[in-house]
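Visitor: Could you take me through this structure? I would like to begin with the overall picture and then turn to the aromatic rings.

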Amino acid sequence: MPQSLNSSPIDDGDKIDWRNLTAAFAAVCVFSFSLGEIFPLLSLNMEKNGVDPRVIGYNAAMAPIGILLAGLIIPRLSHRFGPRRLAIFMALATGVIFLGYPSFPTLWAWFPLRLIQGVCVATLFALSEAWVIGNAKGVWRGRIVGLYGSLISGSFGVGPAIVGWVGIHGYTAFVIGAVILIVSAFPISLVRDDHNRDIETPHGSIWSFIPKAPFLLGAIVIHAMFDGGMLGFLAVYGVRHGMSVERGAFLITALACGNVFFQIPIGWIADHTSKPAVMLACFIGAAFGLMVLPFAITTVWVWPLAMLMGAFGFGIYTVGLAQLGDNFSGSDLITGTAAFSTVWGLGALLGSVLAGFAMDIWGPDGFPRALLAVFLVYIGVRLFGGFGRRAV
């Protein structure tokens with residue numbers, strides 16, 4: 001039952017296990033950092049060795065494909081081995097994979113390594129998200145999930161900074177990533193199993209979960225399309241409109257700042273109002289940003305616009321996780337977060353392909369307009385096809 005705005009923030013049934021939350025936050029920070037480090041590290045190494053850009057793109061696509069595959073096995077593995085043991089194994093395995101890249105400096109060896117890394121990282125994220133939303137209860141859920149989103153974005157940005165600091169030559173950058181991942185096994189070991197027994201019960205498949213939350217999963221697909229398109233092409237879009245390469249890259253920084261600084265306020269608003277309404281508002285805000293981006297790209301207004309687009313775009317995921325926690329518990333929680341990982345991988349692939357084709361066919365402005373069309377379809381479906389009938 002929804003709590004009134006004047007009720008006590010946390011009642012006896014809504015006690016928050018800060019030990020589990022702290023462990024999950026610490027774990028997801030290192031996972032996000034490792035993901036942020038490996039993307040530029042591998043791309044720059046391949047670029048240095050003269051690899052064709054299309055092949056670099058194919059290699060980068062291995063991670064989302066791994067994320068897609070992970071969603072099919074996470075529930076079963078979690079039930080068989082337990083979430084904590086599975087997460088520790090995946091953290092250690094990802095650390096070993098980091099050392100595998102410089103140890104096998106053959107391009108074709110990097111394809112299976114990156115695919116397996118995608119599976120491992122997706123599992124880590126799904127389990128961390130289940131711990132976060134399973135322990136973030138009551139009127140604090142949206143804000144805690146917002147903090148989770150801010151930590152993901154902030155730690156993701158540290159990875160490229162490490163690459164810029166130590167360079168791409170030799171083992172150094174890879175070893176730093178591996179060590180941090182291996183150390184992450186310690187905070188994961190602090191997770192209390194007795195607070196997670198309900199998510200160790202047998203799980204359904206992600207296919208059985210889809211009919212339970214079609215609008216919610218659809219929102220995550222479109223959020224991922226936005227993520228894949230913006231991260232892959234926003235800097236290129238700026239360069240096509242006359243920006244230098246450095247200024248184009250700063251557009252991604254501005255986008256990330258919106259992710260970092262606005263997720264807790266968005267979570268707070270969602271806690272005190274209606275989460276479906278806040279998610280719809282995020283969709284409308286991101287769509288507005290995509291609509292005006294072609295007019296703002298050559299002006300100073302593009303910088304605050306990029307921040308707001310980042311805030312609204314990632315806000316969809318923040319509110320989506322909070323809704324998942326509101327509507328599902330027990331075995332459905334792991335299945336739901338696994339489904340989130342799977343549809344995110346699908347959306348990221350679709351967004352990158354759609355943005356690239358649209359820019360190639362219709363010119364630079366085809367990129368935001370194609371994403372805008374997808375957002376408008378979802379907004380129309382929610383407003384006229386099901387917003388009042390079903391929250392998820």
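Guide: The overall chain comes before the rings in what follows. This is a predicted model, in which local features need pLDDT of at least 70 and side-chain atom pairs count only at pLDDT 80 or more, while totals for chains, interfaces and linings use all residues. Residues are numbered from 1 along each chain as its sequence is written, and side-chain values use heavy atoms, with hydrogens and water left out.

Visitor: How many helices and strands are there in the chain?

Guide: The chain has 15 helices and 0 strands. Both are DSSP runs numbered from the N terminus, with at least four residues (H or I) for a helix and at least two (E) for a strand.

Visitor: And what share of the residues counts as buried?

Guide: Of the 392 residues, 54% count as buried. Buried means under 20% relative accessible area, exposed means over 50%, and partly exposed lies in between (1.4 Å probe, protein chains only).

Visitor: Now the rings. How many aromatic pairs are there?

Guide: There are 10 aromatic pairs. Rings of Phe, Tyr and Trp (its six-membered ring) pair if their centres lie within 6.5 Å; planes under 30 degrees apart count as stacked, over 60 as edge-to-face and the rest as tilted. One of the pairs joins Tyr101 and Trp110, edge-to-face at 5.7 Å centre to centre, with 85 degrees between the planes.

Visitor: Are those two buried or exposed?

Guide: Tyr101 and Trp110 are both buried. Another pair, Phe283 with Phe375, is tilted, at 5.4 Å centre to centre and 55 degrees between the planes.

Visitor: Where in the chain do Phe283 and Phe375 lie?

Guide: Phe283 is in helix H12 (residues 275-296) and Phe375 in helix H15 (residues 366-385), so the pair links distant parts of the chain, 92 residues apart.

Visitor: Why does Phe283 count as buried?

Guide: Phe283 counts as buried because its relative accessibility is 0%. Phe375 is buried too, with a relative accessible area of 1%. Ring pairs also link Phe283 and Phe375 with Phe226 and Tyr378 into a cluster.

Visitor: Changing topic, which residue lies over the face of Phe215?

Guide: Arg382 does, at 4.3 Å from the ring centre. A charge sits over a ring if NZ of Lys or CZ of Arg is within 6 Å of the ring centre and within 35 degrees of the ring normal.

Visitor: Lastly, is Phe89 buried or exposed?

Guide: Phe89 is exposed, because its relative accessible area is 53%. Phe89 lies in helix H4 (residues 83-103).
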